[in-house]
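Student: Hey, can we go through this structure together? I'd like to start with the aromatic rings.

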Amino acid sequence: MFDKRKSIEIYNQLMNGKVINKHKILNDGTRADNALYNEIIENLDDYSKQYIMAGYEFVGLEGLPYFYIREAGTDYISDLDKKIYVLLLIVFRYVSQKYSMDKLTHEAGGLSPFDLEEIDNDESFKELAHKAQIGAASISKGIETNLVNKNFMLAKPTGELLLGDAGQAFLEEVKGIYSSIEL
């Protein structure tokens with residue numbers, strides 16, 4: 001049986017363009033199971049039918065560690081998807097130049113305000129963001145708007161940013177797409 005309170009929260013997040021990750025960040029900075037993700041898994045048929053009946057495709061049915069919705073019948077990459085891909089590429093490129101990828105995935109890591117400032121000041125990243133029409137005053141604002149606010153990146157209580165499950169999955173996809181390009 002579904003939980004009405006969780007169902008309302010799931011609806012609000014999905015309708016506002018957010019993804020629901022399998023894990024969330026706790027106050028101590030560690031990852032834990034996300035009760036909203038578990039609610040969907042436990043009632044998958046009901047949630048899937050609910051959004052299909054409302055004209056949306058419920059993405060995540062293929063065993064992905066996250067869920068989101070999109071308008072039914074739209075297999076194309078949206079402008080938001082393009083921005084997410086480009087911002088993840090920028091983040092990946094920055095981290096790969098200075099750190100190991102654990103900086104984005106390990107609980108002790110995370111992009112700091114200093115890292116975001118360095119990204120903002122890098123001319124090659126600015127050019128990428130401009131070509132992708134990120135449209136934010138700064139790349140870090142684009143990261144906040146398109147990655148953090150949509151749950152592709154999760155903020156630790158100390159402010160550092162880690163990739164959420166969706167961010168990690170999209171990053172793997174970006175790495176596959178751009179594997180032939182020197183980062």
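Student: How many aromatic pairs does a search of the whole structure find?
Tutor: The search turns up eight aromatic pairs. Rings of Phe, Tyr and Trp (its six-membered ring) pair if their centres lie within 6.5 Å; planes under 30 degrees apart are stacked, over 60 edge-to-face, and the rest tilted.

Student: How do Y37 and F67 pair up?
Tutor: Y37 and F67 make a tilted pair, 5.2 Å centre to centre with 40 degrees between the planes. Y37 is in helix α2 and F67 in strand β5 (residues 66-71), 30 residues apart, so the pair links distant parts of the chain. Helices (H or I, at least four residues) and strands (E, at least two) are DSSP runs, numbered from the N terminus.

Student: And what kind of pair do F58 and F67 form?
Tutor: A stacked one: F58 and F67 are 5.2 Å apart centre to centre, with 25 degrees between the planes.

Student: Are F58 and F67 buried or exposed?
Tutor: Both F58 and F67 are buried, meaning under 20% relative accessible area (exposed is over 50%, partly exposed in between; 1.4 Å probe, protein chains only). Y37 is buried too.

Student: Which residues do ring pairs link into a cluster?
Tutor: Y66, Y68, Y85, F152 and F170.

Student: Is this model predicted, and what's counted?
Tutor: The model is predicted, so local features need pLDDT of at least 70 and side-chain atom pairs 80 or more, while totals for chains, interfaces and linings use all residues. Residues are numbered from 1 along each chain as its sequence is written, and side-chain values use heavy atoms, leaving out hydrogens and water.
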